[in-house]
Amino acid sequence: MRWFRGLGKKRIEQDPIRQQELLAELRQRFGPHAPGKLAAQAGQAASLLTGIDGVAVAATVLREFADGAYANVAHQSAALGMPADRRNYRPLWESAGKRLRSPLFTTPHGLHPYVQVAAAVQAIGAQPADTILVTAPVPLLTHMFEILDLTLAGWEYGRILVDVDGATLAVNLITAATAVRNEMSDPPPLPAPARTQMRSNKSVNVLDPAVSRIVGQWNPGKQMRECLLA
């Protein structure tokens with residue numbers, strides 16, 4: 001009875017070759033090795049990720065990045081004699097503190113959090129309806145919340161610098177996850193670290209390294225409550 005599969009869901013024609021070309025272009029054309037500010041590169045990269053194939057590639061970027069980040073954390077935590085649970089990094093980071101280094105800048109596959117990942121998040125946030133049609137939204141949301149967890153926990157317990165690019169990524173992860181959830185008829189429960197963060201009312205100082213000064217404050221828990229509980 002395999003013909004029953006997919007009934008009720010619109011058939012979407014994808015182009016795997018085009019998707020591989022897009023993924024290769026993201027890795028080769030953009031990143032710290034390329035000219036231009038990271039935020040500007042992220043915007044340029046996001047403009048490539050339009051339509052069905054674009055959001056499919058965006059989902060692939062987030063999956064590969066989240067998997068790479070977890071592998072890095074698991075390696076570090078094993079050396080520290082601590083367990084790593086990718087469903088909730090906060091207990092590990094709270095125990096390890098500065099001994100745990102951020103995995104966001106050491107993941108393989110040529111993916112930078114402020115360039116390719118930021119572009120993928122922008123693309124998904126701008127096209128949530130297409131994202132729902134093309135991707136498996138529950139795993140996608142899991143990867144988005146996982147990257148957000150690593151970002152916020154690193155700031156809180158690892159004393160990792162909160163810069164403009166990092167804060168922008170975190171803001172966009174929240175708004176993109178909200179947009180995807182709003183397109184779902186039955187969105188999954190919010191993960192534990194997200195619920196924990198929403199109970200917090202702490203603000204973080206956001207630094208602009210270009211001018212070496214604090215340029216504002218941001219309250220992650222407040223924004224998450226306003227977006228995800230609306």
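Here are some exercises with worked solutions on a predicted model of a protein chain.

**Exercise 1. The overall fold**

Work out how many helices and strands the chain has, and in what order they come.

*Solution.*
Step 1: Start with the count, which is ten helices and two strands.
Step 2: Now walk along the sequence, and you get α-α-α-α-α-α-α-α-α-β-β-α.
Step 3: Read that pattern again and you'll see the two β elements sitting side by side in the order, with an α after them.

**Exercise 2. Size and packing**

Decide whether the radius of gyration of the chain agrees or disagrees with that of a compact globule.

*Solution.*
Step 1: Get the expected value: for 230 residues, a compact globule would come out near 17 Å.
Step 2: Compare it with the chain, which has 18 Å, so the two agree.
Step 3: For another view of size, look at the C-alpha trace, which spans about 55 × 40 × 35 Å along its principal axes.
Step 4: Check the inside too: 47% of the 230 residues count as buried.
Step 5: Finally, ask who touches whom. Take the contacts with a separation of 6 or more; 71% of them join residues 24 or more positions apart.

**Exercise 3. Surface and charge**

Find out how much of the accessible surface belongs to carbon and sulfur atoms, and how many charged side chains of each sign there are.

*Solution.*
Step 1: The accessible surface comes to about 11700 Å².
Step 2: Carbon and sulfur atoms own 54% of that.
Step 3: Count the charges and you have 24 positive and 19 negative side chains.
Step 4: The centres of those two sets lie 5 Å apart.

**Exercise 4. A glutamate and its partners**

Is glutamate 64 buried or exposed, and which residues does it touch?

*Solution.*
Step 1: Locate glutamate 64 in helix H3, which runs over residues 51–80.
Step 2: Its relative accessibility is 16%, and buried means under 20%, so glutamate 64 counts as buried.
Step 3: Skip residues up to four places away in sequence, and glutamate 64 touches Leu23, Arg27, His109 and Leu111.
Step 4: Zoom in on one of these, arginine 27: its side chain makes a polar contact with the side chain of glutamate 64, at 2.4 Å.
Step 5: Now turn to histidine 109, found in the loop between H4 and H5. Histidine 109 has a relative accessible area of 42%, so it is partly exposed.
Step 6: Histidine 109 touches Arg27 and Glu64, again leaving out residues up to four places away. So you can trace contacts from histidine 109 to Arg27 and Glu64, and from glutamate 64 to Arg27.

**Exercise 5. Two more buried residues**

Where do glutamine 19 and serine 102 lie, and what does each one touch?

*Solution.*
Step 1: Glutamine 19 sits in helix H1, residues 16–29.
Step 2: With 14% relative accessibility, glutamine 19 counts as buried.
Step 3: Beyond four places in sequence, glutamine 19 touches Gln14, Asp53, Ala56 and Val57.
Step 4: Serine 102 isn't in a helix; look in the loop between helix H4 (90–96) and helix H5 (113–126).
Step 5: Even so, a loop residue can be tucked away here: serine 102 has 16% relative accessibility and counts as buried.
Step 6: Its contacts beyond four places in sequence are with Trp93 and Ile160.
Step 7: There's also a backbone link to spot, with a polar atom of the serine 102 side chain lying 3.3 Å from the backbone nitrogen of leucine 104.

**Exercise 6. Positive phi angles**

What is the phi of arginine 159 and of serine 212, and is each residue buried or exposed?

*Solution.*
Step 1: Arginine 159 has a positive phi of about 55°, although it isn't a glycine.
Step 2: Find arginine 159 in the loop between helix H7 (137–157) and helix H8 (164–183).
Step 3: Its relative accessible area is 69%, so arginine 159 is exposed.
Step 4: Serine 212 is another non-glycine residue with a positive phi, near 55°.
Step 5: Serine 212 belongs to the loop between strand E1 (204–208) and strand E2 (213–218).
Step 6: At 61% relative accessibility, serine 212 counts as exposed.

Key. Residues are numbered from 1 along each chain as its sequence is written. This is a predicted model: local features need pLDDT of at least 70, side-chain atom pairs count only at pLDDT 80 or more; totals for chains, interfaces and linings use all residues. Side-chain values use heavy atoms; hydrogens and water are left out. Helices (H or I, at least four residues) and strands (E, at least two) are DSSP runs, numbered from the N terminus. The radius of gyration is taken over C-alpha atoms; the globule rule is 2.2 Å times the number of residues to the power 0.38. Buried means under 20% relative accessible area, exposed over 50%, partly exposed in between (1.4 Å probe, protein chains only). Contact means heavy atoms within 4.5 Å. Accessible areas come from the Shrake-Rupley method with a 1.4 Å probe; for residues, only the protein chains shown count as cover. Lys and Arg count as positive and Asp and Glu as negative; His and the chain ends are not counted. The place of a charge is taken as NZ of Lys, CZ of Arg, CG of Asp or CD of Glu. A polar contact is a pair of N or O atoms within 3.5 Å; within protein, one must be able to donate a hydrogen and the other to accept it, and residues adjacent in sequence count only if both atoms are side-chain atoms.
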